[in-house]
Amino acid sequence: MPLITLQDVFLSYGQPPLIDHINLVIEPGERVCLIGRNGAGKSTLLKILTGQIVADEGLIKRASGVKIAQLEQSVPHDTQGNVFDVIADGLGAEGKLIQQFHHLTQQLSHDSSPKIFNELAKCQAEIERIDGWDINQRVESIITKMDLDPDVDIASLSGGYKRRVLLARALVCNPDLLLLDEPTNHLDIEAIQWVEQFLLKWEGSLLFISHDRRFMDNLANRFIEIDRGKLAEFNCDYSTYLVRKEENLEIEDRQNSLFDKRLSQEEIWIRQGIKARRTRNEGRVRSLEAMRNEYAERRKRLGTAKMDIQHADKSGKIVAEATNISFSFDQDEVVKDFSTLIQRGDKVGFIGRNGVGKTTLIKLLLGELTPQQGTIKVGTNLNVAYFDQYRSALDEEKTVQDNVSGGRDMLEIGGKSRHVISYLQDFLFAPDRCRQPVKALSGGERNRLLLAKLFTAPSNILVLDEPTNDLDIDTLDLLEELLIDYKGTVILVSHDRAFLNNVVTSTLVFEGDGIINQYVGGYDDWLRQRKTIEPPKSSAGVKIKPKPSQVVKKLSYQDQRELDELPKKIELLETQIQSISIKMSESEFYRSTKVEIQKTETQLADWQSQLGKCYKRWEQLEL
């Protein structure tokens, strides 16, 4: 039985409608990714599912007793208290009682007065009355599972651990359906992988919004795209989705072209004068009126941004050369005995946990900080353009156009004068949007605005700190192409694994304790080259208690045989999946009958499920 069903749902804040008579079904156990351009209505659709927004029309059916929980895109400003309290808040009134019990047991350790004993007894009696000990166990269990310290203040945590706490709060009520809005934003790679693995093992249904292509590909078993108010469903992996989407757009273009040609012929006919009026029939006239209305109501696809980077004169051949440099903050060693050479045209990616010192190293390499040991030779004729993940270069109170032009109407772009609004339209800002303050923009729009501001000035070095957050996939693809073709030097800090793979030629990896190693290639190349995996370290006040060492158990004869056979089984499944995916990506596949297409899609889903179980079993046997 479906967990939730949307039938003919419509929502409009004016014309055109944001949600235009859509249908959607979420089944138990599904992991569905919701894709769409910035502003297409993805977050609005999640709010309709939770009841935060009421649709203008349509029917929303929820299964009896279904629980829906949501992890929002950003940490709410009113979130405060220790980790235990924040997680227990997800349980409503029962959670308040569990919070009180937790606080009283803590007080008892340093205040054993009769008053505390009496309050604790009353609290225990109330918990027993509502049969709430299971609830307390649930909170403690999820805290243990997520490696959290229950008594740490959430304000002292890093962004990644705050997101982990909020995920725990969403999961503590055992939801049937979990809604996630950009769950990987501002998380480092280690945190993204943790969330990914956790959700792969979670047995509930999942509907999530993400622009992280690796995350989507690893997690989703169905894709839903919202485009111009309509939903399109794709029961396939991400790469196959891209192929099918392109085919759908080509079909749409052909149909529109044929329709426009026919409409043009009818318009010529209606204007032929007296000869046409003699032969005119009312049915044909009514048909023409209907075609005119259909053409007027047709929603055109949102265009692709037309970003372009202005190139300054070449920098010197050497951009930065570091020799045995070290740098510390108090006793915290950020960089230890590090050497590197960055030359003109290099594209260098930085990989490391949040707060590990990536920004500090960039400042050292560009001469903004002086190393405490070692030497840095900074190159000549450097024109640096800097993209800041916190968007500090944007003034929230000023309009979009004033942020880019400084109050002027005209800009000098590529040696030519352009009106600021014309320039911003290349970055998908409509004229009325250009006159609105920055504080009214979405996260994706702010990132596009920062790129527009960045590219107004010529540069030969681009320093990009998390440029991919909130960008839709089409803009992300374009930015990738620009960076690949860029003739200058790129220094890229990113936790987007696919973006790193596609752009950088080498990576600097923060291995911990100030150790930084350099690898050829992108993220996947680093994984292949590294010899050891460092254990995760606690960050921002979180104390992760070391787990007791486990005695290695000898496998039984049957388990050992199963372990030996698993690699062959995995290889076979991967070959079958690859073969069927290639078949489904061919245009001939869609000329088959609906039954054959459905049978093939079911076979692919079954093999993917078997592969996931094999990997899980392999992990269990190798522990």
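Does Asp513 count as buried or exposed, and at what relative accessibility? In this predicted model, Asp513 has a relative accessibility of 59% and therefore counts as exposed, since the exposed class begins over 50%. Asp513 is placed in the loop that joins β19 (506-512) to β20 (515-520), and its phi is positive, at about 60°, although the residue is not a glycine.

A positive phi also occurs at Asn324, again a residue other than glycine, where the angle is near 50°. Asn324 belongs to strand β10, which covers residues 318-329, and with a relative accessibility of 40% it counts as partly exposed, because that class lies between the limits of 20% and 50%.

The packing of helices can be considered next. Two packed helices are described by the angle between their axes and by the distance between those axes. For helix α3 (residues 92-108) and helix α4 (residues 114-129), the axes come within 10 Å and cross at roughly 150°. That angle makes α3 roughly antiparallel to α4, because angles over 145 degrees are placed in this class. The crossing of α3 and α4 is, in addition, left-handed. On the side of α3, the contact is made by Leu97, Ile98, Gln100, Phe101, Leu104, Thr105, Gln107 and Leu108, while α4 contributes Ile116, Phe117, Glu119, Leu120, Cys123, Gln124, Glu126 and Ile127. Sorted by class, the residues in the contact of α3 with α4 comprise 10 nonpolar, 4 polar and 2 charged ones.

Helix α7, formed by residues 189-201, allows a simple check of helix length. At 1.5 Å a residue, its 13 residues should span 18 Å, and the C-alpha atoms at its ends are 19 Å apart, which agrees with the expected value. The expected figure is 18 Å because the rise is multiplied by one less than the number of residues. Within α7, the buried residues are Ile189, Ala191, Ile192, Val195, Glu196, Phe198 and Leu199; to be counted as buried, a residue must have a relative accessible area under 20%.

Finally, Ser609 illustrates how positions separated along the chain can be compared in space. Ser609 lies in helix α21, which runs over residues 594-622, and is partly exposed, with a relative accessible area of 35%. Although Ser609 and Asn221 are 388 residues apart in sequence, their C-alpha atoms are 9.5 Å apart in space.

Key: Residues numbered from 1 in each chain as written. Predicted model: local features only at pLDDT ≥ 70, side-chain atom pairs only at ≥ 80, totals over all residues. Heavy atoms only, no water. Axes fitted to C-alpha atoms, helices over the stretch in contact; angles between N-to-C directions. Helix = DSSP H or I, 4+ residues; strand = E, 2+ residues; numbered from the N terminus. Parallel < 35°, antiparallel > 145°, perpendicular 65-115°, else oblique. Left-handed = near helix turned anticlockwise from the far one by under 90°. Contact = heavy atoms within 4.5 Å. Nonpolar A, V, L, I, M, F, W, Y, C, P; charged D, E, K, R; others polar. Buried < 20%, exposed > 50% of the residue type's maximum accessible area, 1.4 Å probe, protein only.
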